[in-house]
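Student: Can you walk me through this one? I'd like to go contact by contact and then look at the wider picture.

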Protein chains: 2
Amino acid sequence: MELNARKKKILEVIIRDYINTAEPVGSRTLSKRCNLGISPATIRNEMADLEDLGYLVQPHTSSGRIPTQQAYRYYVDEIMEVQKLEKMIRTDIHRGFLDHNTELGPTMSHTAQVLSQLTNYTAVVLAPRVTNFNCKHVQIVSLIKNRVLMVVVTQEGMAKNIEVTLSQEVDTILALKLSNVINGFLKNTILSEMSSDLIDQIQELTPEESKLVHEIIPHLKKALVEDASEVHSTGLTNLFNYPEFSDVNKIKQLINIVQEKQVLSEMMTSSDGNRVIRIKIGSENDNENLKDFSIITSTYELDGEMMGAFGVIGPTRMNYDNVSSVLNYIRNELNLHISNLLMK
Amino acid sequence: MELNARKKKILEVIIRDYINTAEPVGSRTLSKRCNLGISPATIRNEMADLEDLGYLVQPHTSSGRIPTQQAYRYYVDEIMEVQKLEKMIRTDIHRGFLDHNTELGPTMSHTAQVLSQLTNYTAVVLAPRVTNFNCKHVQIVSLIKNRVLMVVVTQEGMAKNIEVTLSQEVDTILALKLSNVINGFLKNTILSEMSSDLIDQIQELTPEESKLVHEIIPHLKKALVEDASEVHSTGLTNLFNYPEFSDVNKIKQLINIVQEKQVLSEMMTSSDGNRVIRIKIGSENDNENLKDFSIITSTYELDGEMMGAFGVIGPTRMNYDNVSSVLNYIRNELNLHISNLLMK
DNA sequence: GTTAGCACTCGATTATCGTGAGTGCTAATA
DNA sequence: TATTAGCACTCACGATAATCGAGTGCTAAC
């Protein structure tokens, strides 16, 4: 659906204005703001057209108009151009990362911090996941009696704990032996392909030990499949300052979103036509709680493999320009630092 | 400050009523509710006295009265009697715990869940801490190049990860050796007393290895001292249903409290005259954000050692009776299950 | 096609006025 | 002397009305 240049310009100004003020914008205010030399009356006609086309609505007969979701979508697709961040801000961010890239956890929370600070919305960051495929090494540590800790280490050097209770007592020495057996396996095959048959072929195990390995492997598989990434979120209260969030119900929705980490995680990692910056506006979101919000996300990578995701949740009246610029730059920074961090 | 029986009774009824309704209570309503055969006029006189004594205030000249913080304190200390929970609820809780006591993490979140459900307030649970004193075993796991993971295991069978970057590359074999050295130490001494001198006395180390041990020990000590317990919280949105939380600022305060995990953790573990159930009302809380809330906490133990804490945050107009009963029972359950869980 | 002019709409703000639940005080009562 | 009935008074709250003003759509002139 193409709009002529003037309609496009008018729509742009309306959206920009509404994003800033959250007030319906009327023809008079508009004619002052955009210097097209058009009178309010003309603008009214154009606005009526834009309303017919589904880009604007009037909250009340005698008030200005506000953009619809369709308008935001049009804005994002056809009007907005993602700017490079200001140099000063870029260097600030860069320095910040340098100060926080010693460990993975702190880097993640720092990212969330920076995101929410720069955008004034709520930020969410997903840490890298540990999966079947990148599992390099498993260390079994005896905890107490028949409880053990399985530490899974990935090729990238991330670690994850899995605690289980086994049928027999496991002491330090046995734990070491079990670790060695499993790691012997991992040299040749990935975890998800470790079958019962393969385990039975191991020579050096006593029947008891073999039984333990049979117990351990499914636990490992299950934990790595089920595992949701760690989710860091910040700036929940940022949104409270916007007038649309004076409603307690909206706040409830937001809190529910941030707490449903599993859902959040799936949503953010589902690929969307390989776009670098993914924008979901209002009801474009599948999640019921997100219908009144917009969410902009991106991902970070290591060696071309997607490691995790991060993004920003805000009102549909979101500053899409700024957020896109910020995500874009943070993405680069993250790619850089994560590779330094994990592979160095 | 002693009150005569009638004043005490009147104060009690007022508090109970206000806790239920959040409405100022007047003399007429009151005379119907408490069957003391006293006329509203008499009650008015008594109420005026109670106001002079600081137990009641009037929001407006011509409205009923509401209890002050001092009144709640009096109620909690002198009036309230903690009841045993109903048998049905007790068995419900007990069964719930049986279904969730396989691992420490799930038990903690389950506790938070149950607490917030039974009280309709916001629940907070602190998981057991790993400290210098209960550290039994350290396993060093090579991550990648010069990054290692230190897994600290406590006497009770809990584990904690600490990730560090060292000055030299550490492979699997070296990691094992370093683990053995440190564990040899731990047989005789606690971590905080491991000095440089002691390390230097170890025979079997090459200079490089010795250097690594010198790097590792401070990291361990630091992590165990700084470590705040894991904090589980649930039912944040429970409070939104109470009229006093229609104000967005109160909600902000609440969220800030729950997010300042460090503060929360310190507050809940600071002993308070060895009371089993600790009640802090409004400004009795040191934390600025908590001034408008009440918080009731308790602790759970293992072999007489305090392991962690749990509690409930709500309005000052909190149902102190019910919450106390619930905490009391949950405390017993937790003591029971934690010991099964960790020592079994 | 654009614009000035005009009547009209309607949400928001302010003002006014009862209503009623509550109070404090006083005088009568047990 | 403690209690109570009676009464005048207070004040938040809700409903109703009046005003305001930013905004609209329509028509006619440019």
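Student: What does the polar side-chain atom of S62(B) lie 2.8 Å from?
Tutor: A base oxygen of DNA strand D. That is a polar contact (a pair of N or O atoms within 3.5 Å; within protein, one must be able to donate a hydrogen and the other to accept it, and residues adjacent in sequence count only if both atoms are side-chain atoms).

Student: Before I lean on that, what am I looking at?
Tutor: This is a predicted model, where local features need pLDDT of at least 70, side-chain atom pairs count only at pLDDT 80 or more, and totals for chains, interfaces and linings use all residues. Residues are numbered from 1 along each chain as its sequence is written, chains are lettered from A and ligands numbered from 1 in the order in which they are written, and side-chain values use heavy atoms, with hydrogens and water left out.

Student: Ok. Which other polar contacts go to DNA strand D?
Tutor: One of them is from R44(A), with a side-chain N or O atom 3.2 Å from a base nitrogen of DNA strand D. S63(A) uses a backbone N or O atom instead, 3.5 Å from a sugar or linking oxygen of the strand.

Student: Which residues come nearest to DNA strand D?
Tutor: S27(A), R65(A), R6(B), T42(B) and S62(B), out of 22 residues around the strand. Near here means that a heavy atom of the residue lies within 4 Å.

Student: What share of the DNA strand D atoms within 4 Å of the protein belongs to sugar or phosphate?
Tutor: 78%, with the rest in bases.

Student: And which helix gives the most to that surface?
Tutor: α3(B), with 4 residues. At least two residues each come from α2 (27–33) and α3 (40–52) of chain A and from α3 (40–52) of chain B. Helices (H or I, at least four residues) and strands (E, at least two) are DSSP runs, numbered from the N terminus.

Student: How do the residues split by class?
Tutor: The surface near DNA strand D has 3 nonpolar, 15 polar and 4 charged residues. Ala, Val, Leu, Ile, Met, Phe, Trp, Tyr, Cys and Pro count as nonpolar, Asp, Glu, Lys and Arg as charged, and the others, Gly among them, as polar.

Student: Now the other strand. Which residues are closest to DNA strand C?
Tutor: R6(A), T42(A), S62(A), S27(B) and R65(B), among 22 residues that surround it. Of the strand C atoms that come within 4 Å of the protein, sugar and phosphate account for 80%.

Student: What are the polar contacts there?
Tutor: They include a side-chain N or O atom of R6(A) at 2.8 Å from a phosphate oxygen of DNA strand C. T61(A) also has a polar side-chain atom 3.2 Å from a phosphate oxygen of that strand. For S62(A), the partner is a base oxygen of DNA strand C, at 2.9 Å.

Student: Which helix has the largest share of that surface?
Tutor: α3(A), with 4 residues. The residues near DNA strand C divide into 3 nonpolar, 15 polar and 4 charged.

Student: Switching to the two protein chains. How many residues does the contact take from each?
Tutor: 41 from chain A and 41 from chain B, where contact means heavy atoms within 4.5 Å. The area buried between them is about 3,300 Å², and carbon and sulfur atoms give 59% of it. Buried area is the accessible area (1.4 Å probe) that two parts lose on being put together, summed over both.

Student: How many salt bridges between chain A and chain B?
Tutor: 2, counting a side-chain nitrogen of Lys or Arg within 4 Å of a carboxyl oxygen of Asp or Glu. One of them joins R147(B) and E103(A), at 3.1 Å from N to O.

Student: Which element of chain A gives the most to the side that touches chain B?
Tutor: β4(A), with 7 residues. That side of chain A divides into 19 nonpolar, 14 polar and 8 charged residues.

Student: And salt bridges over all chains, how many?
Tutor: 26. Among them is E163(A) with R147(A), the closest N and O atoms being 2.7 Å apart. E163(A) lies in strand β6 of chain A and R147(A) in strand β5, so the pair ties together parts 16 residues apart in sequence.
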